[in-house]
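Biologist: Could you walk me through this one before I go back to the bench? I'd like the plain version.

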Amino acid sequence: MSSGFSKTKQRKKADLATLLRKSWYHLRLSVRHPTRVPTWDAIVLTAASPEQAELYEWQLRRAKRMGRIASSTVTLAVPDPDGKRIGSGAATLNAIHALALHYEKLGFNPGPEVEAANGTCPTESSPKSWVRFLSEKHVLMLHAGGDSKRVPWANPMGKVFLPLPYLAADDADGPVPLLFDHILAIASCARQAFRDEGGLFIMTGDVLPCFDAFKMTLPEDAASIVTVPITLDIASNHGVIVTSKSESRAEGCIVSLVNDLLQKPTVEELVKKDAILHDGRTLLDTGIISARGRAWLDLVALGCSSQPMISELLGSKKEMSLYEDLVAAWVPSRHDWLRTRPLGELLINSLGRQKIYSYCTYDLQFLHFGTSSEVLDHLSGDASGIVGRRHLCSIPATTVSDIAASSVILSSEIAPGVSIGEDSLIYDSTVSGAVQIGSQSIVVGIHIPSEDLGTPESFRFMLPDRHCLWEVPLVGHKERVIVYCGLHDNPKNSIYKDGTFCGKPLEKKVLFDLGIEENDLWNSYAEQDRCLWNAKLFPILTYSEMLKLASWLMGLDDSRNKEKITLWRSSQRVSLEELHGSINFPEMCNGSSNHQADLAAGIAKACMNYGMLGRNFSQLCHEILQKESLGLEICKNFLDQCPKFQEQNSKILPKSRAYQVEVDLLRACGDEAKAIDLEHKVWGAVAEETASAVRYGFKEHLLESSGKPHTENHISNLDRVFQPRRTKVELPVRVDFVGGWSDTPPWSLERAGCVLNMAITLEGSLPIGTIIETTNQAGISIQDDAGNELHIEDPISIKTPFEINDPFRLVKSALLVTGIVEENFGKSTGLAINTWANVPRGSGLGTSSILAAAVVKGLLQISDGDESNENVARLVLVLEQLMGTGGGWQDQIGGLYPGVKFTSSFPGIPLRLHVVPLLASPKLITELEQRLLIVFTGQVRLAHQVLHKVVTRYLQRDNLLISSIKRLTELAKSGREALMNCEVDELGEIMSEAWRLHQELDPYCSNEFVDKLFAFSQPYSSGFKLVGAGGGGFSLILAKDIEKAKELRERLEQHPEFDVKIYNWTICN
């Protein structure tokens, strides 16, 4: 029993990590390449007040700057009118109206009808034009208003922007992930469900609904609500959806018509309404609502004309709920009830023509952030394995501090002498050395100057276990106010009914023990309204005084201390409620930006002073430059230190990395011209480091080296006496399943690599080859299969760099790396070299590298050199750096070694390669050859264009790229096991994940044609990917079975949209 339970929980954790990573991948892809992966046209947040809306606008700008939102997406924060509550339904309509106004303000033109409007309100000038314009947009709306009474420390930032460091380690130098960011990631996958039809997708700001929204299907011209099966005890406190028995099933979900809506139903009600499913559960309303097509059109029309409705609600002090009122308009059985509600008849008349469906997903995990304890639970519970516990922070040594390993410290500076207990959260804070923080506590936005506290011996502030502490700048005050409460305090509870402060009964314990009178806190409130939310508890004084009174109020000092109660009574004090309306948001935003910039500068400085430039300076400088007055100066100081740093670490720091840091700093300082010039040194250094790693010396005019060629590649007798010799080398092409990029310098020079690939024939032949023969005519003659010919009289004239359009640079580079070109060669003996590659240009099958391997192997054969596959593979690695194409070792390995093989590389001098042939059974070979389609897309691709971007990101130490390549190496190991166990379907899943990771490395490795090809193939296949670096060329499509392979082949060959060629192939053993 317990073992099964454990496995189930482990599976859930793995599913959450996999789901979030897939969603984040899709979000980044949609931001970086929105023309290929559609993103939201607009993102709208509702706010409780104009001040909160101002904060949200800052957060939205920050999200764009951080690459969470595409630059083309329109963003808007919309406050409730006059800061008064109107309900989530009215807020939805108000936000739609505000979005139409915002589009007009931005200069968008809805159509010819509105041209004469002269900038007047769109809802008055030409409503039909704006309704049509907006109904064609794809809008994500987050309801994020409210006062967050149960998470009061999140009030200043807005609950939707609280820190949630899931997967933070994937981007160690990036910003701390927020709840908002994860919601964006999930929502980005839902965008595809709307296709080209406009629509609205509504989510709430205090819930992270973890489900695979990429699978989501939405009925046309209808509204939909996402549901999930839950037990009846949970249903009794939430909204429940009753659906019809007729349904449409898809993978992991059911779509059915909504018959009724229930609010906190009893079991009897559930039975009466036939709301109980066959498994004894019922459907929970998740709060995720969408409207598509005509349903969205009706909603836009109502929103654009909603201002009189909202004025009526404000006048009557009533509210319109989204989940009870507005949604009920789409449910005929609720119309009679709705007519009794404010503006119910208007809702029915405006929206009631369309229907609403339930999209029930069984894999949804519902992470709610309604209380402070729930926030900590989500950081220490089942998902703790994906929590980044240290992110962009400065932490002292363990010998001068006591910081629990399970604590979560984000964007914070911790001084020596600090103690932090287990499972506590510290965010956006500077904690001085005279502070002790207990377990399961939350500290946010605290920046206490250490000089205000004195020495730890004179005063040490202690925050007890299970407490929250935060700091807020106030409008009209220079001072900030320090605020605190217990983790489990509910500020809404009356002092006479379970109201607590710092975990103690507020009336019977706190007030009595401290000698505080009720009138001190609630002199203007009736007894029944008195609670922690409106208690004037928190004094505005100096930091030292506020902390001393905090200790007193929390019951840590003498209870009836006359001096402290006098100080407290005489001070200006505020309540949580007053704080909510008095936050100085601009100061808070500027303070947070400066704090983040200071942390980034400190990390960069430490990296230069003590480290090996292992951090992403491009990303850190981006953050540093947010410090408006000093950011540029800080970056320039770092740039000035580069020469000294490079000199001190020249023996151990790769030059390519040192130059790249200097390039990044030059760009941060605005010197683009120098940065471009220095990039040439970056690539020269990569080539030099690659040459060194394969233990091959070049002459001084090629690269800096000893100038002495190795005797193993030296031509000792070729030129002394003419001997007619001839050699022919023919090689297969390779297809790679997974692991590519881990073979590419400089990654493979610094980290281990793993690749799973396979050598194949095409159309019954080995497609790549060369014939090399000696001649009695001096010089070297080269001819290729394109009809290009060249005769080189003096081989010594072959020098790098080569022209990028030189058709003979591959053969010239081969002559250099094999040592053929020497001072005494070519006087009486020559060479004739003929090459061919019967493969489409830009195939992705490793053609260039394999042809290079054939030429190198042929030259070494004819000159009695070391023609071993390992030596040839290493020499081709150098050859590609000479050519300027970059590239790794997997292509030549794929062509030189037969069959399916798993190859590992180990950095060092020399670079070591370990090739393990996989002994595939005849059954496995037959199954692969029958199920795997090798399809030429017709899309020409150039690997070096993709490679340049990927290598640059690696040299920058882009953490997302590094984690992606690490994952590719792990998948290569998994793919090896899958093949050896004949689990071909699992290999397909691995191929698809590898393809997602390749697009993470560079979104331009695919294109619209390839996306359509794979989307068309998906129902027939277990997995697919482009071979090589991507961008076009050949694709691999692994069919679900032999019959599906035949069917897909026929469909592709007959489909008019896909002008592709499917090749016959066999494994080359």
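**Chat about the model**

Modeller: Sure, starting with a strand pair: β1 (residues 42-47) and β2 run parallel and are joined by six bridges. Strands count as paired if DSSP finds at least two bridges between them. Helices (H or I, at least four residues) and strands (E, at least two) are DSSP runs, numbered from the N terminus.

Biologist: Which residue stands opposite Val74 in β2?

Modeller: That's Ala42. Between the two strands, the chain goes from β1 through helix α2 (residues 50-65) to β2, a right-handed β-α-β crossover. Right-handed means that, with the strands pointing away from the viewer, the path from the first strand over the helix to the second runs clockwise.

Biologist: How many residues of β2 are buried?

Modeller: Five of the six in β2 (residues 74-79). Buried is under 20% relative accessible area, exposed is over 50%, and partly exposed is in between, with a 1.4 Å probe and protein chains only.

Biologist: Hang on, what kind of model is this?

Modeller: It's a predicted model, where local features need pLDDT of at least 70, side-chain atom pairs count only at pLDDT 80 or more, and totals for chains, interfaces and linings use all residues. Residues are numbered from 1 along each chain as its sequence is written, and side-chain values use heavy atoms, with hydrogens and water left out.

Biologist: What's the average pLDDT?

Modeller: The protein averages 89, and 92% of the residues score at least 70. pLDDT is the predictor's confidence in each residue, from 0 to 100. Confidence is highest in strand β17 (residues 425-427), at 98, and lowest in helix α4 (residues 122-125), at a mean of 48.

Biologist: Where else does pLDDT stay under 50?

Modeller: Over residues 114-121, for which the model has 13 contacts beyond four places in sequence. A contact means heavy atoms within 4.5 Å. Where pLDDT is low, the predicted coordinates should not be read in detail.

Biologist: Okay, new topic. Which residues touch the most other members of the largest nonpolar core?

Modeller: Trp153, Phe180 and Phe501, out of 143 residues in that core. Helix α6 (residues 179-190) gives the most to this core, with nine residues. Apart from it lies another core of 136 residues, including Leu613 and Phe645. A nonpolar core here is a set of buried Ala, Val, Leu, Ile, Met, Phe, Trp, Tyr and Cys residues joined through side-chain atoms within 4.5 Å.

Biologist: And what is Trp153 in contact with?

Modeller: Leaving aside neighbours within four places in sequence, Trp153 contacts residues including Leu162, Pro163, Leu425 and Trp470.

Biologist: There's another Trp I was wondering about. Where is Trp683?

Modeller: Trp683 is in helix α24 (residues 672-693). Trp683 counts as partly exposed because its relative accessible area is 24%. Beyond four places in sequence, Trp683 is in contact with His948, Val951 and Thr952.

Biologist: Back to strands. Which way do the side chains of β5 point?

Modeller: In β5 (residues 207-210), Val207 and Pro209 point one way, Leu208 and Cys210 the other, and all are buried. Four bridges join β5 to β11 (residues 365-368), and the two run antiparallel. Cys210 is opposite Gln365 in β11.

Biologist: Last one: what does helix α13 pack against?

Modeller: The buried residues of α13 pack against α9 (294-304), α11 (322-326) and α12 (335-338). In α13 (residues 344-351), those buried residues are Gly344, Leu347, Ile348, Ser350 and Leu351.
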